[in-house]
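Let's take a walk through this structure, stopping at a helix, a sheet, a loop and a couple of unusual backbone angles. Keep the 3D view open and follow along.

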Amino acid sequence: MAFKLHTFNQEDRYRDYGEWSQEYIESLNDLAAQSPWRNHFHIEPKTGLLNDPNGFSFYNGEWHLFYQYYPFGPVHGLKSWYHLTSKDLVHWEEKGIGLLPDNALDAHGAYSGSAVADGEDLRLFYTGNVRDDQWIRHPKQNTITYNPDKGGFSEKQLIIDEIDLATDHFRDPMYFTAHDHSWLVIGGQRVSDNKGTLYLYRAETTHLDQWTFHSELPIAQADSAYMFECPNINQVDGKVFVTFCPQGIDRDQLAYQNIYPNAYLIADAFTPDGQLENPGKLYNLDYGFDVYASQLINAPDGRVLGVSWLGLPEIDYPTDAYGYQGALSLIKDFRIKNGHLYQYPVEEMLALRQAPIHFSENITVEKNAYEYAFEVFANQEATVYLYADSDKKHFVTLSINTIDGKIVLDRSDMGASFGAEFGVSRQLTLTGQENVKVNVFVDESVLEVFINDGAYVLSSRIFTADEQQKNIFAEGTDNNVIYPLQK
Ligand code: FRU
C-alpha cells in the first residue's frame, strides 16, 4: 500500500500520541527515510515537525537541548519536547521525546521554554497550551524537573496562571539571572492595545518553583508588533541584549522579508528594577530566509550560546512530501564588539574539519557537507555559486560587492523552490571598499553564511533538484579553502 500523507485536520493534529497505529508510524518512518535532503551535521527530526529550540542548558556534565516536536507529520500539532544531549555541542545523542503533553496543565501542547540546572535536577520552564471547549486558549506557565537518577521527570507544577495584563498570547518563559536573582522573561500580547510586550517575573528565593510578577518590559523599538514570541535576555562583554520575535512589526520599524522576523537590540544594562538602560536600535538577528525562535543562554562556561530554528511558521517546506520538516542551526557563540553583535559557530565545530582543499575557480565536492572560507578584497565584484550542477542550471549564489558593500544571497534557482511568495533573495549592505571575510557552512539542505567573523549572518534552507549539485564556482574571490566536515 502506497503511503499517503495524512490530511491532518484539527482532530488529527490533537490526537493523543498513543492513538497513532504502528502501521502508520512505520510507513511514515519509511517515507521519511527516503528523503534526498537529509543533513549530515545539523539536528533534524526523523519524522514529523521540529520548531523552536527549547531547554538549552548544561546539567550533569552535559549539554541538554530540546526542540518543539510533533512526531506524526510535517504540521503544527500537539507539541512535545524532543530531548538531545551532547558533550561537545557538535555530536548529539538523541534521547527521544522528553516532555509529553499528557496533563491538564498542557493538554494541547507542551510549548516553548527554557531550562537550568537546579541543585541535583534540571529544571524546565515551559508554556502549557490549554484550550477549553470553545477552543479558547488558557496559557499556563509550568515547571517540571528532570533527573535520570530519580527516574526521569517529576510532577508538573503550575507556576504562573493566566494574567489580566496579557491576552491568551502569553508564552515562552526564558530563564536568566541578574542582580543576584533568577528571572523569567515571558513573551506576550498586552490586553490594553493588543501589542507585543515582555513580562518579567522574579524568584524572591532560591526556590525556582515560586515566582512573583515583577514588571512589564515594553520594547518601544518594536511597539508596532502584535506579539513578541521567544524572548531572551543575555549579558556579555559588559552589555545586555534582548532577542525576540516581534510578530507583525511594521517594516518601517524593522526592514525584513520573512513572514516573521527574529530581532535583537543591545542595551547598556538590565537595571535592578527590570528596565533596559540605553536600549539601542532594533536589528535583524539573521539576514537569511529561515531563522526564527532563537534560544540563547548565558552558559556556565561564561559564553553566550544560542541556537535557532531554521524554519518559519506557516511555510511549507519541500521535505513535507517526506513527512518531516525543520532543522536547528549550528550552536553559535554570541559576542558584542564595538556595540555590534557577533555570532559564530562554536569553536568545537573545528573538530569536524577534514584536511583543507585549496582551489582557485571551481571544485566538485564529494558531498554537500563542508565549510568554505574565502575572502573578497576591496573594490571587487565577487560571486560564488554553491550547490551548482556542472552546467550551472541549478545553484545558489552569494554575491559580494566590495565597491558598494552589497551582499546578496539568491536561491531562485536552487532546484526545489519554496517560500517564493516572500522573495527569492535576501541582502544587506556593509561599508564599501573594505575586504570581506566569509565562512560558509554547507550541509545537504542547510546553508549558514557568516560575514566578517559573524558580524552578519544569512541562514537558509536550500533544497536541490538532484545530486549533481555538488560544484562550487568562485568568481572574484581569494584564498578559497574547503574543509570537508565529517561527523
Ligand atoms: C514560536 C512558537 C512559540 C510557541 C511554540 C509552539 O515558533 O509559536 O511562541 O511556544 O512555537 O510550538
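One thing before we set off: what you're looking at is a predicted model.

Let's begin with the loop that joins β17 (269–270) to β18 (276–277), because that is where T271 sits. Is T271 buried or exposed? Its relative accessibility is 14%, and anything under 20% counts as buried, so T271 is buried. Now look at what surrounds it. The T271 side chain makes a polar contact with the side chain of D273, at 2.3 Å. Leaving aside residues up to four places away in sequence, T271 also touches H179 and E277.

Next, swing over to helix α2, which runs over residues 22–33. Its 12 residues reach 16 Å from the first C-alpha to the last, close to the 16 Å expected at 1.5 Å a residue. Which of its residues are buried? They are Y24, S27, L28, L31 and A32. These residues cover an arc of only 135° around the axis, which means they sit on the same side of α2. That buried set packs against β22 (324–325). Turn to the face pointing away from the buried side and you'll find the exposed residues Q22, E23, D30 and A33.

Now for the sheet. It is an open one with 6 strands, and if you trace across it the order is β25-β36-β27-β32-β33-β34, with antiparallel pairing. The edges are held by β25 (357–359) and β34 (456–461); each has a single partner strand, so one side of each is left without a neighbour in the sheet. Ignoring direction, neighbouring strands here are turned by 15° against each other on average.

Zoom in on the β25 edge. The pairing of β25 with β36 (residues 478–484) is antiparallel and runs over 3 bridges. To find your bearings, pick out H358, which stands opposite V481 in β36.

While you're in β36, have a look at N479, which belongs to that strand. Its phi is near 50°, a positive value in a residue other than glycine. N479 is partly exposed, with a relative accessible area of 47%.

Our last stop is D453, in the loop between β33 (446–451) and β34. What is the phi of D453, given that it is not a glycine? It is positive, at about 60°. With a relative accessibility of 38%, D453 counts as partly exposed.

Note on methods: Residues are numbered from 1 along each chain as its sequence is written. This is a predicted model: local features need pLDDT of at least 70, side-chain atom pairs count only at pLDDT 80 or more; totals for chains, interfaces and linings use all residues. Side-chain values use heavy atoms; hydrogens and water are left out. Helices (H or I, at least four residues) and strands (E, at least two) are DSSP runs, numbered from the N terminus. Buried means under 20% relative accessible area, exposed over 50%, partly exposed in between (1.4 Å probe, protein chains only). A polar contact is a pair of N or O atoms within 3.5 Å; within protein, one must be able to donate a hydrogen and the other to accept it, and residues adjacent in sequence count only if both atoms are side-chain atoms. Contact means heavy atoms within 4.5 Å. The expected span of a helix is 1.5 Å times one less than its number of residues. The arc is that of the directions from the helix axis to the C-beta atoms. Two strands pair if DSSP finds at least two bridges between them. Axes are lines fitted to C-alpha atoms, for helices over the stretch in contact, and angles run from 0 to 180 degrees between N-to-C directions.
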